[in-house]
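Student: Could you take me through one part of this structure at close range? I would like a connected account rather than a list.

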Amino acid sequence: MSDCLFCKIAAGEIPSNKVYEDETVYAFYDIAPQAPTHFLVIPKAHIGSVAEVTPENATVVAHIFAVISKVTKELGLASYRVVSNIGEQAGQSVHHLHFHVLSGRDMTWPPG
Ligand code: 5GP
Ligand code: ZN
């Protein structure tokens with residue numbers, strides 16, 4: 001999507017602090033971290049949110065979770081939270097599927 005911020009970040013058109021990259025997935029540190037470690041994992045191909053995941057495009061979502069498992073181990077993160085906000089009321093501000101990975105502090109439940 002030409003006017004999508006995260007499509008541009010995944011394509012390297014807007015700079016970001018990269019955590020991980022392969023053919024289909026890109027991970028980068030959040031510009032406004034909400035925990036000592038806070039990065040985002042996105043598919044390079046545009047998907048608007050979890051609400052737009054279908055049997056046809058779901059393979060990349062499984063791959064994203066494999067990437068999260070691998071990268072958190074490499075970073076030495078034993079405990080972390082994975083979050084995806086869907087829609088305005090849940091707090092989604094960028095309409096390109098992304099999974100927040102937050103770690104390094106105590107977290108409350110339920111989330112606010
Ligand atoms: P959402 O609010 O949609 O769940 O998450 C979007 C996240 O993207 C926010 O945590 C926000 O700080 C982050 N973000 C927004 N713009 C940029 C940017 O230009 N670069 C980076 N690295 N993160 C961004
Ligand atoms: Zn996009």
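Tutor: Happy to! Let's start with F28, which counts as buried because its relative accessibility is 4%, under the 20% cut-off. Please keep in mind that this is a predicted model. F28 forms an aromatic pair with F6, edge-to-face, with 5.3 Å from centre to centre and 85° between the planes. F6 sits in helix α1 and F28 in strand β2 (residues 25-29), so the pair ties together parts that are 22 residues apart in sequence. F6 is also buried, because its relative accessibility is 6%. Y26 joins in as well: ring pairs link F6, Y26 and F28 into a cluster. The count of aromatic pairs comes to 4.

Helix α1 also leads us to the metal. The zinc ion (ligand 2) has as its protein donors C4 (SG), C7 (SG), H46 (ND1) and H96 (ND1), at 2.0 to 2.3 Å from the ion. The angles among these 4 donor atoms run from 105 to 116°, and the site is tetrahedral. For comparison, the ideal angle for four tetrahedral donors is 109.5 degrees. Along the sequence, the donor residues follow the spacing C-x2-C-x38-H-x49-H. Within this set, C7 and H96 link distant parts of the chain: C7 belongs to helix α1 (residues 5-10), while H96 lies in the loop between β4 (80-83) and β5 (99-103), 89 residues apart. C7 counts as buried because its relative accessibility is 12%, and H96 counts as buried at 0%.

So helix α1 holds both F6, from the aromatic pair, and C7, from the zinc site.

Key: Residues are numbered from 1 along each chain as its sequence is written. Chains are lettered from A and ligands numbered from 1 in the order in which they are written. This is a predicted model: local features need pLDDT of at least 70, side-chain atom pairs count only at pLDDT 80 or more; totals for chains, interfaces and linings use all residues. Side-chain values use heavy atoms; hydrogens and water are left out. Donors are N, O and S atoms within 2.8 Å of the metal (3.2 Å for Na, K and Ca); water is not among the atoms, so sites may look incomplete. Four donors count as tetrahedral if all angles lie between 85 and 135 degrees; four count as square planar and six as octahedral if opposite donors are over 155 degrees apart and all others between 65 and 115; anything else is irregular. Helices (H or I, at least four residues) and strands (E, at least two) are DSSP runs, numbered from the N terminus. Buried means under 20% relative accessible area, exposed over 50%, partly exposed in between (1.4 Å probe, protein chains only). Rings of Phe, Tyr and Trp (its six-membered ring) pair if their centres lie within 6.5 Å; planes under 30 degrees apart count as stacked, over 60 as edge-to-face and the rest as tilted.
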